[in-house]
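This briefing goes through the sheet, the helices packed on the sheet, and the nonpolar core. The sequence and structure come first.

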Amino acid sequence: MTSKVYVALRVKAAPSRAFAAFVGEIGAWWRPNGLFQTTPRAPGVLAFEPGEGGRLTETLASGKVFEIGRIRVWDPPHRLVFSWRQANFPPELSTEVEVRFEAVGEETRVSVEHRGFDQVPEGAARHGFPDKVLLMRLADWWRTLLTSYRETSA
């Protein structure tokens, strides 16, 4: 099984602006998805703590904060890698997201590779989907997210 999805698009911004919008404005462009929930409750607002080791968190309206992952690579304005945990993952499990920002003329190609789904066990974390369908749904969601992000980053 291929355990990753890859999605890319171009934004009308320099890599430094594209990177800053991805990490600094994630709360504005992120769109929740019921299949890939990061908290067991209603969605909150996502935020990165900048720098390697920083957290990706979701803060609920009540003020409760959930840690979704940790930044593994912080290389502005080129690359960001962070761990990713969904609410229905076993406690020890996380996947990994790598985001690259590459200058293409006056634009930036932003690519997202979300990998590690071969580790996700059958059952609730997969919503009963076979591997191919689960990864297709995940890729569709990342396309939706990047489209929302593109509108924010310009």
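The points below are grouped by topic. The model is predicted. Its open sheet has seven strands with antiparallel pairing, and helix α3 (residues 131-153) gives the most residues to the largest nonpolar core.

**Sheet**

- The strand order is β1-β7-β6-β5-β4-β3-β2 in this open sheet.
- The edges are taken by β1 (4-11) and β2 (45-48); each has a single partner strand, so one side of each has no neighbour in the sheet.
- On average, neighbouring strands are turned by 20 degrees against each other, direction ignored.
- Strands β5 (residues 79-84) and β6 (residues 95-104) run antiparallel and are joined by six bridges.
- Leu80 has Val99 in β6 as its bridge partner.

**Helices on the sheet**

- Helix α1 (residues 15-24) packs on the sheet and touches β1, β2, β4 (65-75), β5, β6 and β7 (107-115).
- The direction of α1 makes about 150 degrees with that of β6.
- Helix α3 lies across β1, β5, β6 and β7, and runs at about 20 degrees to β1.
- The 23 residues of α3 reach 32 Å from the first C-alpha to the last, close to the 33 Å expected at 1.5 Å a residue.
- Buried residues of α3 include Leu134, Leu138, Trp141, Trp142, Leu145 and Tyr149. Ser148 and Ser153 are also among them.
- These buried residues pack against β1, α1, α2 (26-29), β5, β6 and β7.

**Nonpolar core**

- The largest nonpolar core has 41 residues, of which Phe22, Phe82 and Tyr149 touch the most other members.
- Helix α3 contributes nine residues to this core.
- Not counting residues up to four places away in sequence, Tyr149 touches Val11, Ala18, Phe19, Ala21, Phe22, Trp29, Phe101 and Val110.

**Leu9 on strand β1**

- Leu9 lies in β1, which is one of the edge strands.
- Leu9 counts as buried because its relative accessibility is 12%, and the cut-off for buried is under 20%.
- Leaving aside neighbours within four places in sequence, Leu9 is in contact with Thr108, Arg109, Val110, Leu146, Thr147 and Arg150.
- Leu146, one of these contacts, is itself among the buried residues of α3.
- Val73 lies 64 residues from Leu9 along the chain, and their C-alpha atoms are separated by 21 Å.

Conventions: Residues numbered from 1 in each chain as written. Predicted model: local features only at pLDDT ≥ 70, side-chain atom pairs only at ≥ 80, totals over all residues. Heavy atoms only, no water. Core = buried A, V, L, I, M, F, W, Y, C linked by side-chain atoms within 4.5 Å. Buried < 20%, exposed > 50% of the residue type's maximum accessible area, 1.4 Å probe, protein only. Helix = DSSP H or I, 4+ residues; strand = E, 2+ residues; numbered from the N terminus. Contact = heavy atoms within 4.5 Å. Pairing = 2+ DSSP bridges. Axes fitted to C-alpha atoms, helices over the stretch in contact; angles between N-to-C directions. Expected span 1.5 Å × (residues − 1).
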